[in-house]
Amino acid sequence: MNTLTDRYLAATLRTVPAARREEIATELRTAIEDMIDDRVGGGQDGTTAEREVLTELGHPERLAARYADRRLQLIGPTYYLTWQQVLRRLLITIPGIVGVIVGVVQATVADDPTGAIGAGISAAFQAAVQIAFWVTLSFAILERTNTSLPLPEWNVDQLPETPAERDIRLPDTCASVAMVLFTLAFLPWQHFRSWVRDTDGERIPLLDPALWTSWLPVLAAVLLAGLVLEVVKYRTGRWTWPLVVANALLDLAFTVPLIWLVLTDRLLNPELVDRFGWLRDGDGLGVTGRITVVVIAAITLWDLADSALKARRSAARTSG
């Protein structure tokens, strides 16, 4: 009849190298018997002593891993921090880029703007899964093969500076940059991939094509300057009065021509206006234009006031 010790030895030896099983079996059995004898010598029942000794030794596979010098973690402490840093940096950038590219291609080349968001999210998720799998697999192989990486030794010079309090955070900057990029992408998209078609099935650009030789390049240049301003704002970390002035100039450089184009009926493509009766008949175009101007002016005034208030609070905090 197999005893608990026999069963424990069998479970432990099952996962150790065959060449060492006899040596480990002898060593482990001797150690178990000595521990049991010590407890029995102290007056404990033999069966109880055996059970407690085996319980203290722990799970047989964990004990076998110690004998075989086999790691029980996928990524051990040697590579864990490096794995975490590599994975974080890749996941922050690549899935988002892949999602945007796939979404744009789906909306333009595939002519499916309604499915672009879903396709972009799906592609970003798949990219994240692939990155997580392959990076983790690579580090797991390094862990198992004991491959040495030329990792720099840590020293106190690598300690980061105490983070300064920021008024402009990365998520806000990313949202602003994404909005500008979306607007820039919309300009050529509405011309070549408009969802509005005439009676013959031909696409009708939303904006007047004549603007490509006048105002649209100017507005696109202002948007690109806005991207530069967003980067400068983030690197500065807070609103300053020079940034407020630059932001105001860019806001006015974009909104003043845009409002003028709306009020003079030069923004929309004449063919688009003729395509929709509610724009063509009566004062439909004029009402739409006035509503658009009010919305644009309100957004611009809010942005100007918001930037000025933030700069004022930042200046007060700095001087205080």
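**Reading the salt bridges, helices and pocket**

Me: What makes Glu23 and Arg20 a salt bridge?
Reply: In this predicted model, the closest N and O atoms of Glu23 and Arg20 are 3.8 Å apart. The cut-off is a side-chain nitrogen of Lys or Arg within 4 Å of a carboxyl oxygen of Asp or Glu, so the pair counts.

Me: And why is Glu23 called partly exposed?
Reply: Glu23 has a relative accessible area of 46%. Buried means under 20% and exposed means over 50%, so a value in between gets the label "partly exposed". Its partner Arg20 comes out at 29%, so Arg20 is partly exposed too.

Me: How many salt bridges does the structure hold?
Reply: There are six. One of them joins Arg29 and Asp6.

Me: How do you know that Arg29 and Asp6 meet in a salt bridge?
Reply: Their side chains come to 3.0 Å, N to O, and the limit is 4 Å, so they qualify. This pair links distant parts of the chain: Arg29 belongs to helix α2 (residues 21–41), Asp6 to helix α1 (residues 4–13), and their positions lie 23 residues apart in the count. Arg29 has a relative accessibility of 32%, so we call it partly exposed. Asp6, at 25%, gets that label as well.

Me: What about Asp306 and Lys310, what makes their side chains a salt bridge?
Reply: The N to O distance is 3.2 Å, and anything within 4 Å passes, so this one is in. The two residues are four apart in helix α12 (residues 284–319), which means about one helical turn separates them. An α-helix has 3.6 residues a turn, so residues three or four places apart point the same way. Asp306 is partly exposed at 21%, and Lys310 is partly exposed at 29%. Elsewhere, salt bridges with shared partners tie Arg39, Glu52 and Glu56 into one network.

Me: Which residues form the nonpolar patch on the surface?
Reply: Phe133, Trp134, Leu137 and Ile141, with about 400 Å² of accessible area together. Take Leu137, which sits in helix α6 (residues 116–145). Its relative accessible area is 32%, so Leu137 is partly exposed. A patch residue needs over 30%, so Leu137 clears that bar.

Me: How do you know that the span of α6 agrees with its 30 residues?
Reply: At 1.5 Å a residue, α6 should span 44 Å, and its end C-alpha atoms are 43 Å apart, so the two agree. Just after α6 comes Asn146, with a positive phi of about 55 degrees.

Me: How does the span of helix α9 (residues 241–263) compare with what its 23 residues should give?
Reply: The expected value is 33 Å and the end C-alpha atoms are 32 Å apart, which agrees. Among the buried residues of α9 are Leu243, Asn247, Asp251, Pro257 and Val262.

Me: What makes the phi of Asp265 worth a look?
Reply: Phi is near 60 degrees, a positive value in a residue other than glycine. Most residues other than glycine have a negative phi. Asp265 is in the loop between α9 and α10 (270–275), and at 48% it is partly exposed.

Me: Is Leu267 buried or exposed?
Reply: Its relative accessibility is 15%, and the cut-off for buried is under 20%, so Leu267 counts as buried. Leu267 is also in the loop between α9 and α10. Its C-alpha is 9.5 Å from that of Trp215, though the two are 52 residues apart along the chain.

Me: Why does Leu227 count as it does for accessibility?
Reply: Leu227 has 16%, so it counts as buried. Its place is in helix α8 (residues 215–236).

Me: What is the volume of the second largest pocket, and which residues are closest to its centre?
Reply: The volume is about 940 Å³. Of its 25 lining residues, Val100, Gly103, Val104, Ala178 and Phe182 are the closest to the centre.

Me: Which helix gives the most to the lining of that pocket?
Reply: α7, with 12 residues. α5 (80–108), α6 and α7 (170–192) each supply at least two lining residues.

Terms used:
Residues numbered from 1 in each chain as written. Predicted model: local features only at pLDDT ≥ 70, side-chain atom pairs only at ≥ 80, totals over all residues. Heavy atoms only, no water. Patch = residues over 30% accessible without salt bridge, like charges linked within 9 Å, V, L, I, M, F, W, Y side chains within 5 Å. Areas by Shrake-Rupley, 256 points an atom, 1.4 Å probe, with all protein chains shown as cover. Buried < 20%, exposed > 50% of the residue type's maximum accessible area, 1.4 Å probe, protein only. Expected span 1.5 Å × (residues − 1). 1 Å grid on protein atoms, 1.4 Å probe; cavity = no way out; pocket = protein on both sides within 12 Å on 5 of 7 lines; lining within 4 Å. Points joined across faces, edges and corners; volume = space filled by probe spheres on them.
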